[in-house]
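Colleague: I should be grateful for a close look at one part of this predicted model. Please take one sheet as the way in, and then describe in detail a helix elsewhere in the chain together with its surroundings.

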Amino acid sequence: ERNALKKYPLLFVLKAFLLIYAKKFSRRSAMKLMGLFQKRICGYDTVISYSHLPHPDYFGNGCADFVLDKTVCENKVCFVHCDYLNFGGQTEANNRAYMEFDKIACCSDSVRERFLLGSKLPDSKVYTVRNFYDLQLTSYQSEDTGLFDESVINVVLIARLSGEKGIPRAIEALAQSKRSDIHYHIIGDGPQKEEIERLICKYQLDSHVTLHGEQSNPYRYLNQADWLLVPSFHEAAPMVFDEATLMGIKVITTNTTSAEEMIGCEHGIVCENSTDGIVRALTNIGKSAKSIADEFDNGKQRTQFDELLSK
C-alpha cells in the first residue's frame with residue numbers, strides 16, 4: 001500500500017531484495033538470510049510448524065523454515081493442510097526439507113496418503129491429526145431472520161473467490177440445472193469476483209446468485225442454509241465441511257481429497273469432480289432439515305495429538 005510504502009520505505013526495499021534473492025537462489029536461503037540475527041530458540045520438548053512448506057520460489061509463510069533453522073528440539077513437527085499432489089509445492093527441495101522434520105502431521109487420512117505419494121517419506125514419520133472441532137461454533141450463529149427467502153432452496157458457499165474453488169463452474173451448473181427454486185449465496189471475496197459477476201450476468205442469474213462479500217460472521221448465513229455447496233477442483237480437508245456438519249447443514253462437494261472420508265453419504269452428497277457432476281447433484285436436492293450429529297467431541301483428535309507428541 002502507498003501509505004505503508006511512505007512510512008516504511010526501507011522495509012519495502014528489503015522485501016524487494018529478498019524476493020529477487022529467493023527467485024535466484026531459493027526461498028529457504030532467503031528466509032535464512034532474513035533471520036540471520038535471530039537467536040536459536042531452545043528449551044522445548046516439541047516445536048510445531050502450524051503450516052506446510054509453500055512453493056520454493058514463493059517468498060512467504062516461513063513458519064516451517066523457522067522451526068527447522070531457528071529452533072533446537074528433538075521433536076520438530078510440521079502440519080500439512082494441503083493436497084500435496086495438487087497445490088504446487090511438491091518439489092525435491094521441499095521433500096528434502098520435510099525429511100528434516102521428526103514428524104509430519106496431516107489433517108486427514110486422505111491427505112496423509114497423498115502426502116506419502118508425493119513426498120516419498122517413510123510411513124512411520126507421517127501421522128494423521130484431524131482438525132479440532134470448534135465446539136463453541138453455535139455461539140457464533142445469529143438469531144437473524146429474513147436473511148434468505150425461505151420459500152426457495154438456499155445454498156451457501158464460504159470461500160475465497162479464487163481459481164481452485166471452482167465457483168464459475170458452480171454458476172454454470174446452476175444455469176444448466178434450470179432450477180429456478182435454488183438461490184446460491186456466496187460469502188467471501190477474491191481475484192475471481194469480476195469473472196463470477198460476468199457469469200451471473202451472462203446466465204441471467206441475478207435473482208438466483210448473491211455475492212455477499214467478506215463477512216465478519218459468515219456462520220449466520222450458514223446457519224440458515226439448506227445446503228453448503230463446495231465446487232472446488234481440489235481441496236485437502238476443509239474446515240467448512242466439519243463446521244457445516246457440526247451445525248447440522250448438509251454438504252454438496254465435488255470429489256476432492258478428503259470428501260468421501262469427511263462427508264460420505266451420511267453428511268451430504270459427494271459428486272463427480274466436474275460441472276456435470278455438480279449439475280446432477282443440484283438437480284436432485286430439495287429443502288433440507290437440520291440434523292445435528294452427536295459425535296463431535298474432539299476425542300479422536302486429542303488421541304491423535306497425544307500420539308504425535310508421545311512417540
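**Two sheets and the setting of helix α7**

Modeller: Strand β2 (residues 76–80) and strand β3 (residues 103–106) run parallel and are joined by four bridges. Within this pair, Val-77 has Lys-103 of β3 as its bridge partner. Helix α6 (residues 109–119) packs on the sheet to which these strands belong, touching β2, β3 and β4, and its direction makes about 165° with that of β4. Helix α13 (residues 299–310) also packs on the sheet, where it touches β1, β2, β3 and β4; its direction makes about 170° with that of β3. The sheet itself is open, with four strands in the order β1-β2-β3-β4 and parallel pairing. Its edges are formed by β1 (47–49) and β4 (126–128), each of which has a single partner strand, so one side of each is left without a neighbour in the sheet. On average, neighbouring strands here are turned by 25° against each other, direction ignored.

The helix to be examined is α7, and its setting begins with another sheet. This open sheet has six strands in the order β7-β6-β5-β8-β9-β10, again with parallel pairing. At its edges stand β7 (209–213) and β10 (268–271); each has a single partner strand, so one side of each is left without a neighbour in the sheet. Neighbouring strands of this sheet are turned by 20° against each other on average, direction ignored. At one edge, four bridges join β10 to strand β9 (residues 250–254), and the two run parallel. Thr-254 has Cys-271 in β10 as its bridge partner.

Helix α7 lies across β5 (153–158), β6 (182–187), β7, β8 (227–230) and β9, running at about 170° to β6. Helix α12 packs on the sheet as well, touching β6, β8, β9 and β10, and its direction makes about 155° with that of β10.

These two helices also meet each other. The axes of α7 (residues 167–177) and α12 (residues 275–283) come within 8 Å and cross at roughly 50°. The two are therefore oblique to each other, and α7 passes α12 in a right-handed crossing. On the α7 side the contact involves Arg-169, Glu-172, Ala-173, Leu-174, Gln-176 and Ser-177, which meet Thr-275, Asp-276, Ile-278, Val-279, Leu-282 and Thr-283 in α12. By character, the residues of this contact divide into five nonpolar, four polar and three charged.

Helix α7 has a further helical partner in α8 (residues 193–202), with axes that come within 10 Å and cross at roughly 10°. Helices α7 and α8 are therefore roughly parallel to each other. Here Ile-167, Pro-168, Ile-171 and Glu-172 of α7 meet Glu-195, Ile-196, Leu-199 and Ile-200 of α8. The residues of this contact comprise six nonpolar, no polar and two charged.

As to burial, eight of the 11 residues of α7 are buried, so the helix is largely enclosed by the rest of the structure. The buried residues are Ile-167, Pro-168, Arg-169, Ala-170, Ile-171, Ala-173, Leu-174 and Ser-177. Just after the helix, Lys-178 takes a positive phi of about 55°.

One residue of the loop between α12 and α13 completes the account, namely Phe-296. Phe-296 is buried, because its relative accessible area is 11%, under the 20% cut-off. Leaving aside residues up to four places away in sequence, Phe-296 touches Tyr-133, Leu-135, Thr-245 and Leu-246.

Definitions and conventions: Residues are numbered from 1 along each chain as its sequence is written. This is a predicted model: local features need pLDDT of at least 70, side-chain atom pairs count only at pLDDT 80 or more; totals for chains, interfaces and linings use all residues. Side-chain values use heavy atoms; hydrogens and water are left out. Axes are lines fitted to C-alpha atoms, for helices over the stretch in contact, and angles run from 0 to 180 degrees between N-to-C directions. Angles under 35 degrees count as roughly parallel, over 145 as roughly antiparallel, 65 to 115 as roughly perpendicular and the rest as oblique. A crossing is left-handed if the near helix is turned anticlockwise from the far one by less than a right angle, and right-handed if clockwise. Contact means heavy atoms within 4.5 Å. Ala, Val, Leu, Ile, Met, Phe, Trp, Tyr, Cys and Pro count as nonpolar, Asp, Glu, Lys and Arg as charged, and the others, Gly among them, as polar. Two strands pair if DSSP finds at least two bridges between them. Buried means under 20% relative accessible area, exposed over 50%, partly exposed in between (1.4 Å probe, protein chains only).
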